[in-house]
Amino acid sequence: MAIRLENTWKELLQDEFDKPYFKSLSDFVHQEYKKTTVYPPAKFIFNALDSLPVDKVKVVILGQDPYHGPGQAHGLSFSVPDGVALPPSLQNIYKEIQTDLGKKSPQSGNLNRWVKEGVLLLNATLTVRAHQAGSHQNKGWEHFTDAIIHHLADKKENLVFILWGNYAQKKGSFIDDKKHLVIKSAHPSPLSAYNGFFGSKPFSKANQYLISHKKQPINW
């Protein structure tokens with residue numbers, strides 16, 4: 001797996017690429033793309049990082065797996081390309097934005113506009129087999145994405161980490177909430193959204209925090 005990556009991330013994560021786990025992960029992912037259908041398309045594996053230099057990150061939203069249906073995943077957590085039907089979790093995210101901020105939901109589920117504002121949309125696992133949720137878990141991606149979160153949490157200040165659901169909260173459990181704002185709630189999935197996601201107001205809370213630290217709020 002050739003590492004084509006935005007320079008600030010490549011520099012930050014260089015040590016990870018040299019570790020044995022990453023070599024094993026690269027070999028595994030390369031073989032998977034050769035022998036079966038894997039999402040997202042290979043050019044989008046590092047899309048979340050490629051689209052947002054390290055020093056521009058203001059908010060981190062943690063997901064778990066890429067979408068595993070055709071045409072959905074493009075390397076940004078919770079996001080789908082223009083023209084693709086909104087997945088249920090994203091529909092609920094848009095509902096909460098409408099309730100929280102009074103903003104009408106856009107037609108497109110492409111969240112690249114958030115990335116341009118400084119939102120890192122990071123999945124814990126960056127690839128998945130078609131129609132097989134979780135199929136690339138425990139192959140090394142989690143080590144890699146843990147390293148990303150550690151670097152951000154340790155080396156930056158006054159970031160917003162949005163952790164939806166138990167998986168994200170466990171993954172981000174080491175983040176110092178005296179140094180950053182950590183927003184936790186239920187996951188926006190239809191299975192859990194009514195257990196504390198709806199009404200949690202993560203978007204206004206994130207913006208209030210950014211403004212209080214003299215940063216531009218996100219245009220959600």
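A pocket is an open set of grid points, on a 1 Å grid over the protein atoms alone, with protein on both sides within 12 Å along at least five of seven lines. In this predicted model, the largest pocket holds about 410 Å³ of space. Its lining comprises 22 residues. Those nearest the pocket centre are D65, P66, Y67, S89 and H187. By class, the lining of the largest pocket divides into 9 nonpolar, 12 polar and 1 charged.

Enclosed space was searched for as well. The whole structure contains 1 cavity of 30 Å³ or more. About 40 Å³ of space lies in the largest cavity. The residues that line this cavity are P40, I45, P66, G75, N123 and L126. Of its lining residues, 4 are nonpolar and 2 are polar, with no charged residue. P66 appears in the lining of the largest cavity and is also listed among the residues nearest the centre of the largest pocket.

Aromatic contacts were examined next. A search of the whole structure gives 15 aromatic pairs. One of them joins W114 and W220: the ring centres lie 4.8 Å apart and the planes meet at 85°, so the geometry is edge-to-face. The pair links distant parts of the chain. W114 belongs to helix α6, whereas W220 lies in the segment after α9, 106 residues apart. Both W114 and W220 are buried. These two residues also belong to a cluster linked by ring pairs. The cluster further includes F78, W164, Y194, F197, F198 and F203. A charge over a ring is found elsewhere. K139 lies over the face of F28, at 4.9 Å from the ring centre.

Helix α9 spans residues 202–212. Its buried residues are P202, F203, S204, A206, N207, Y209 and L210. An α-helix has 3.6 residues a turn, so residues three or four places apart point the same way. F203 is thus tied to two descriptions: F203 is buried in α9 and is a member of the aromatic cluster. Several elements cover the buried residues of α9. Among them are the strands β2 (59–63), β5 (160–164) and β6 (181–185). The helices α5 (88–101) and α6 (112–117) also contribute to this cover. Helix α6 therefore recurs, as W114 of the edge-to-face pair sits in α6. Just after α9, K214 adopts a positive phi of about 60°.

Conventions:
Residues are numbered from 1 along each chain as its sequence is written. This is a predicted model: local features need pLDDT of at least 70, side-chain atom pairs count only at pLDDT 80 or more; totals for chains, interfaces and linings use all residues. Side-chain values use heavy atoms; hydrogens and water are left out. Buried means under 20% relative accessible area, exposed over 50%, partly exposed in between (1.4 Å probe, protein chains only). Helices (H or I, at least four residues) and strands (E, at least two) are DSSP runs, numbered from the N terminus. Contact means heavy atoms within 4.5 Å. Rings of Phe, Tyr and Trp (its six-membered ring) pair if their centres lie within 6.5 Å; planes under 30 degrees apart count as stacked, over 60 as edge-to-face and the rest as tilted. A charge sits over a ring if NZ of Lys or CZ of Arg is within 6 Å of the ring centre and within 35 degrees of the ring normal. On a 1 Å grid over the protein atoms alone, a cavity is a set of points where a 1.4 Å probe fits but cannot get out, and a pocket is an open set with protein on both sides within 12 Å along at least five of seven lines; lining residues have an atom within 4 Å of a point. Grid points are joined across faces, edges and corners, and a volume is the space filled by probe spheres set on the points. Ala, Val, Leu, Ile, Met, Phe, Trp, Tyr, Cys and Pro count as nonpolar, Asp, Glu, Lys and Arg as charged, and the others, Gly among them, as polar.
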